[in-house]
Amino acid sequence: MRENLTAEILAAVGGPENVASLVHCATRLRFSLKDDAKADDAKAQAIPEVLSLVKKGGQYQLVIGNDVDRVYAALIAAAPALQQEKAPKAETKAVEEKTLINRILGTITGSIAPVVPLLAGCGMGKVLLLVLVMTGLLDKSSSSYVFLNMIFDTGFYFMPVFIGFSSAKMFGCNQYMGAFIGLAMVHPTWVAMVSKGNPVDFFGIPIMLAKYSSTIVPVLLSVWIMSYIERVVKRITPAMVKIFVEPMLVALISVPLALICIGPVGNVISQAIADGSMFVYSLLGSFALAVLAALYPWLVSIGMHKALSPISIMLVAQQGFDPVIRVVALCSNMAQAAAAMAVAWKTKNQKLRSLAFSSGMTAYLGGITEPAMYGVNLKLKRPMYACMLGSGAAALFAGIVKLKAFIYVTPGLLSMAMWVSEDENYIVYALITLLISSVVTFAAALVIGFEDPKEEEEA
């Protein structure tokens with residue numbers, strides 16, 4: 001990594017003092033800036049390591065690629081304040097001008113993005129465990145299976161804790177109190193109450209018994225409300241007792257609120273989203289999948305595909321499978337890979353051929369499409385139309401055969417076991433979907449063509 005890279009990025013975003021928060025996903029640095037006007041778009045796009053600049057959902061996103069974690073670590077090392085908890089700030093004019101929907105989507109994606117790698121890793125672990133059982137290498141009754149299942153199930157079971165921690169940073173409140181709210185919602189005592197099903201009340205106020213493990217919306221809403229409670233408590237708490245009275249009051253107010261009213265409301269919203277997705281899927285089926293799959297490459301290009309992640313996670317947690325978002329992601333990922341391969345096949349530019357082939361293989365194997373998209377397909381424009389055709393055609397088939405993903409993980413060749421459960425096996429259909437997406441996209445890319453850039457003359 002270049003020595004001056006972090007300095008160039010920080011200068012492009014208006015300096016570390018202009019950064020309200022910074023998180024990263026699989027390929028992007030996601031900045032929330034205090035004043036977007038202080039950022040220099042031209043300077044950001046001129047950085048060689050930045051594949052693309054995306055401004056969406058209230059975030060200033062720099063697409064880096066597979067080295068994003070190293071760049072993020074270097075930025076934190078260069079400016080530790082980026083990782084520190086931020087005190088609530090006065091709303092600037094630039095922030096006020098952001099639309100409500102952008103701020104909501106930015107908060108959701110910013111809260112979930114840091115957790116996605118953990119969920120993907122645990123998902124692949126559960127896939128590995130399933131394969132070991134199916135091949136007879138591991139017995140489900142063995143203590144080894146129970147131990148491994150406990151390890152990989154931890155990421156999903158304690159999801160409210162991880163979301164609570166990351167969302168607290170987005171809301172500008174104490175991150176450990178955010179995690180505390182999540183822990184309270186999955187505390188063994190609460191879980192036991194829910195399992196027994198006996199009526200529970202808090203000083204006469206009845207509490208709806210609800211299971212919060214593997215959920216997102218309840219803890220997001222609870223931490224949001226807690227951020228306001230914390231601000232009020234900070235103003236009224238005397239300095240001499242602040243260190244213990246402040247967290248005590250925040251916990252004493254926030255946790256009962258979370259379990260009595262906010263959590264149940266969040267559960268209703270989560271169920272409505274999952275049920276609504278399944279209703280649309282059952283009503284429109286293949287057609288809905290094809291339309292969403294055709295649009296999905298563009299959603300990825302503006303970073304809004306992360307807003308669909310909660311739907312996928314909720315479907316897997318509540319239904320046991322996702323027949324929509326992961327299926328569409330498979331169609332789109334393979335289309336991006338095939339389009340890049342078509343460019344590598346047709347171009348006479350050696351540098352472009354090397355980039356297209358390597359990024360195409362990355363998309364095929366791991367499902368990481370940003371290098372192929374921003375480095376090749378979106379830059380050349382026309383291959384993106386081929387991606388739409390191939391992705392839509394594959395989704396049409398996937399909808400007809402009712403393809404289902406049983407684990408939340410990025411679709412690719414290395415994660416094909418995500419299409420298998422103990423009772424159902426959709427790997428063959430997933431492979432056919434992959435082939436349709438690849439063949440249609442590759443052929444369309446060759447027919448549509450692209451403007452082949454000339455080789456740069458060496459000085």
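Select E230 and K234 in this predicted model. Their side chains form a salt bridge in which the closest N and O atoms are 3.8 Å apart. Both residues belong to helix α11, where a spacing of four residues separates them by about one helical turn. E230 is buried, at 2% relative accessibility, whereas K234 is partly exposed, at 29%.

Next, display the salt bridges of the model, of which there are seven. Go to E370 and R28, whose side chains meet in one of them, with an N to O distance of 3.6 Å. E370 lies in helix α17 (residues 370–380) and R28 in strand β2, so this pair ties together parts that are 342 residues apart in sequence. E370 counts as buried because its relative accessibility of 6% is under the 20% limit. R28 is likewise buried, at 0% relative accessibility.

Move to D41 and K55, where another salt bridge has an N to O distance of 2.6 Å. Here D41 lies in helix α2 (residues 41–45) and K55 in strand β3 (residues 52–56), so the pair ties together parts that are 14 residues apart in sequence. D41 is partly exposed, with a relative accessible area of 26%.

Now colour the chain by domain. The assignment gives domain 1 as 4–78, domain 2 as 100–271 and domain 3 as 320–448. The centres of domain 1 and domain 2, taken over C-alpha atoms, are separated by 29 Å. Select the boundary between these two domains: eleven residues of domain 1 are in contact with nine residues of domain 2. About 720 Å² is buried between domain 1 and domain 2, 60% of it on carbon and sulfur atoms. How many salt bridges are there between domain 1 and domain 2? The count is zero, while one residue pair is in polar contact across the boundary, both residues being at pLDDT 80 or more. On the side of domain 1 that touches domain 2, the elements giving two or more residues are β1 (19–24) and β2 (28–33). Strand β1 supplies the largest share of that side, four residues. By residue class, the same side of domain 1 divides into four nonpolar, six polar and one charged.

Remain with these strands and add helix α3 (residues 68–78), whose buried residues are V68, V71, Y72, A74, L75 and I76. The elements covering the buried residues of α3 include α1 (5–12), β1, β2 and α8.

From α8, proceed to helix α9 (residues 175–185). This helix is mostly covered, with eight of its eleven residues buried. Select Q175, M177, G178, A179, I181, G182, A184 and M185 to show the buried residues of α9. These residues pack against α8 (159–171), α10 (188–196), α11 (217–236) and α12. Which residue caps the N-terminal end of α9? It is N174, with a side-chain oxygen 2.8 Å from the backbone nitrogen of Y176.

Finish on α12, one of the helices packed against the buried residues of α9. Select V268, which is located in helix α12 (residues 242–284). Is V268 buried or exposed? V268 is exposed because its relative accessible area of 54% is over the 50% limit. As a last step, draw the distance from V268 to S222: the C-alpha atoms of these residues, 46 residues apart along the chain, are separated by 14 Å.

Notes
Residues numbered from 1 in each chain as written. Predicted model: local features only at pLDDT ≥ 70, side-chain atom pairs only at ≥ 80, totals over all residues. Heavy atoms only, no water. Buried < 20%, exposed > 50% of the residue type's maximum accessible area, 1.4 Å probe, protein only. Domains from an automatic or database assignment. Contact = heavy atoms within 4.5 Å. Buried area = accessible area lost by both parts, 1.4 Å probe. Salt bridge = Lys/Arg side-chain N within 4 Å of Asp/Glu carboxyl O. Polar contact = N/O pair within 3.5 Å; in protein donor to acceptor, adjacent residues only side chain to side chain. Nonpolar A, V, L, I, M, F, W, Y, C, P; charged D, E, K, R; others polar.
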